[in-house]
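Trainee: Got a minute to go through a model with me? I'll put it up on the screen.

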Amino acid sequence: MDHSDKKKPSAAFKDNRLFKKLRHGVGKAIADFNLIEEGDRIAVAVSGGKDSYTLLLILEDLRRRAPVQFELVAVNIDSGYPGYRTDIIEDFFKTNEFSYRMVPSNHYAIIKEKRRPGSSYCAICSRLKRGELYEAARTLGCNKLALGHHQDDFIETLLLNQFFVGSLKSMSASMLADNGVTTVIRPLVYLAEEDIIAFSRQAELPVVCCCCPVCGTADMQRKRMKRLLSELQRDIPHVKNSMLKALSNVHPRHLLDPLLRRDSTGTLENTDLHINAPPALEPDTTVSQQIQD
Ligand code: SF4
């Protein structure tokens with residue numbers, strides 16, 4: 001495959017200041033959490049939203065510069081919602097010469113059949129999509145799956161779990177999936193959503209709507225968290241950075257979980273933390289819908 005930058009729209013903004021800032025944030029996340037290693041083959045989930053396009057473009061730019069060899073394969077899951085423009089997403093992959101896999105599915109039909117009246121679309125939709133992504137990664141020979149969750153997703157999930165679930169929990173930057181073979185990575189952990197929005201506008205990324213029946217009206221609890229954070233930010237400009245930093249600066253002795261109790265020497269009394277705990281909520285963008293289920 002010819003990887004010449006000349007024909008690529010992505011080449012047009014490679015020297016853009018905002019792109020460099022975003023790339024720096026991703027590079028730092030990769031280094032801090034050891035997200036990418038020599039020989040990795042990474043499936044990059046691309047829904048056609050601003051976050052996933054940005055993720056793919058930055059990873060590809062880093063791939064070209066990195067001293068370690070790794071591969072990327074863009075993966076799009078079509079949940080089957082009428083009007084979802086997979087053709088636009090596929091054009092983007094082709095124009096930018098990405099290796100890619102388009103995965104059609106009957107998820108919408110399954111959701112219509114299985115969803116209990118009054119329960120959320122997102123809970124079942126996101127679970128089906130995640131399973132399909134794991135399967136696509138496996139069949140494509142990818143050991144890792146990159147998702148486009150950014151700093152705001154991490155913070156909002158932290159608040160949602162505290163406000164509505166009674167749990168101190170957010171997301172992991174790198175975690176082995178339940179299937180035991182795929183490592184899920186989140187390289188955008190340090191990126192602010194407002195920067196991604198600005199970049200996607202500057203770069204005129206071909207963002208497409210998911211076209212699901214609850215598009216734009218789903219996840220009201222998350223929207224409440226967004227509003228709350230934006231109000232707080234007026235008085236405390238660094239509030240989001242501080243909250244994200246808190247996730248990597250945990251003081252277990254100053255928490256109340258009995259499973260974190262330490263003996264007088266400071267050693268954890270119970271090393272099998274949460275082994276019998278109830279199943280945790282999926283750490284994804286639909287946490288509030290799962291709460292409502
Ligand atoms: S908002 Fe997203 S997760 Fe929820 S139903 Fe629509 S496509 Fe699925």
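Trainee: How do the residues of the shell around the ligand divide into nonpolar, polar and charged?

Mentor: The shell has eight nonpolar residues, two polar and no charged. Here Ala, Val, Leu, Ile, Met, Phe, Trp, Tyr, Cys and Pro count as nonpolar, Asp, Glu, Lys and Arg as charged, and the others, Gly among them, as polar. Before we go on: this is a predicted model, where local features need pLDDT of at least 70 and side-chain atom pairs count only at pLDDT 80 or more, while totals for chains, interfaces and linings use all residues. Residues are numbered from 1 along each chain as its sequence is written.

Trainee: Noted. Which residues are the closest to the ligand?

Mentor: Y121, C122, C125, C210 and C212 are the closest of the ten that surround the ligand. A residue is near a molecule if its C-beta atom, placed from the backbone, lies within 6 Å of it.

Trainee: Which residues of α5 are buried?

Mentor: Y121, C122, A123, I124, C125, K129, R130, L133, A136 and A137. Buried means 20 or more other C-beta atoms within 10 Å of the residue's own, exposed means 12 or fewer, and partly exposed is in between, with C-beta atoms placed from the backbone.

Trainee: And what does α5 reach from its first C-alpha to its last?

Mentor: Helix α5 (residues 121-139) has 19 residues and reaches 27 Å, close to the expected 27 Å. The expected span is 1.5 Å times one less than the number of residues. Just after α5, G141 has a positive phi of about 75 degrees.

Trainee: New topic. How many helices and strands does the chain have?

Mentor: Ten helices and six strands. Those are DSSP runs numbered from the N terminus: H or I with at least four residues for helices, E with at least two for strands.

Trainee: Which strand is joined to β1 by five bridges?

Mentor: That's β2 (residues 71-78), and the two run parallel. Strands pair if DSSP finds at least two bridges between them. A45 has V75 in β2 as its bridge partner. β1 also pairs with β4 in the parallel sense, over three bridges, and V44 stands opposite A146 in β4.

Trainee: What do β1, α2 and β2 make together?

Mentor: A right-handed β-α-β unit, with α2 covering residues 50-65. Right-handed means that, with the strands pointing away from the viewer, the path from the first strand over the helix to the second runs clockwise.

Trainee: How many residues of β1 are buried?

Mentor: Four of the five in β1 (residues 41-45).

Trainee: Where does H150 lie?

Mentor: In the loop between β4 (144-146) and α6 (151-165).

Trainee: Why does H150 count as buried?

Mentor: Because 24 other C-beta atoms lie within 10 Å of it. H150 touches D51, L188, L191, E193 and I196, leaving out residues up to four places away in sequence. Touching means that the C-beta atoms, placed from the backbone, lie within 7 Å. H150 and A192 are 42 residues apart in sequence, yet 6.5 Å apart in space, C-alpha to C-alpha.

Trainee: What about S174, buried or partly exposed?

Mentor: S174 counts as partly exposed because it has 18 C-beta neighbours inside 10 Å. S174 sits in strand β5 (residues 174-176), and beyond four places in sequence it touches F33, L35, T183 and I185.

Note on methods:
Contact = placed C-beta atoms within 7 Å.
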